[in-house]
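Here are my notes on this one, as numbered points. Have the coordinates open while you read.

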Amino acid sequence: MRTQRQVVDYSLRKRAVLRELLAGRVGTYDVCDASPYLKNAARFHGEPTDERCPICRSENLIHVHYIYGDELKQSAGQARTLAELPVLAMTLREFQVFVVEVCLGCDWNHLVEQYLLGRDGLVEGGPEGDAVGGDVSGTVRRRREAQR
């Protein structure tokens with residue numbers, strides 16, 4: 001997605017949780033605690049993946065995308081499909097997306113990543129930037145030459 005920025009990946013945290021589980025320091029009920037709301041969001045708004053659940057290994061994981069932002073007002077905190085995100089990114093200035101993986105079989109759930117989307121992330125200097133702000137690409141070129 002073109003406007004995706006400030007990505008935070010939680011894969012290291014996931015590995016740490018799984019390591020704690022395998023070592024017996026954390027119980028299965030502590031990590032397999034998906035709420036009914038999260039499971040419904042996964043059923044109706046989730047994106048199936050090819051990745052197997054790390055706990056039960058019988059079901060594929062589902063990614064649920066939750067959106068938050070000031071411009072969303074009452075829609076903040078809702079789950080959205082992956083297809084809806086580019087449309088929202090072009091209509092809103094900025095909002096945050098949280099991706100949660102869910103297993104409907106054993107109730108495993110974990111935050112996978114978070115990132116920002118929105119029009120504020122569009123790169124200046126393209127056709128839109130030249131039409132509005134003048135010759136932006138020339139300014140960038142001069143800055144690069146000055147740094148050398």
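1. A disulfide here is a pair of cysteine sulfur atoms within 2.5 Å. By that cut-off, a search of the whole structure turns up zero disulfides. Cys103 is in none, with the nearest cysteine sulfur, that of Cys56, 3.6 Å away. Cys106 is in none either; the sulfur of Cys53 is its nearest, at 3.5 Å.

2. Some ground rules: this is a predicted model, where local features need pLDDT of at least 70 and side-chain atom pairs count only at pLDDT 80 or more, while totals for chains, interfaces and linings use all residues. Residues are numbered from 1 along each chain as its sequence is written, and side-chain values use heavy atoms, with hydrogens and water left out.

3. Back to those cysteines: buried means under 20% relative accessible area (1.4 Å probe, protein chains only). Cys103 counts as buried because its relative accessibility is 0%, and Cys106 does so at 18%.

4. On to H1 (residues 11-22; helices are DSSP runs of H or I, at least four residues, and strands are E runs of at least two, numbered from the N terminus). Its buried residues are Lys14, Ala16, Val17, Leu18 and Leu21. They pack against helix H2 (28-31) and strands S2 (47-52), S3 (60-68), S5 (95-102) and S6 (109-117). Just after H1, Gly24 has a positive phi of about 85°.

5. Which residues make up the largest nonpolar core (buried Ala, Val, Leu, Ile, Met, Phe, Trp, Tyr and Cys residues joined through side-chain atoms within 4.5 Å)? There are 12 in all, including Ile67, Leu85, Phe95, Val112 and Tyr115. Helix H4 (84-91), S5 and S6 each give two or more residues to this core.

Key:
The expected span of a helix is 1.5 Å times one less than its number of residues. Buried means under 20% relative accessible area, exposed over 50%, partly exposed in between (1.4 Å probe, protein chains only). Contact means heavy atoms within 4.5 Å.
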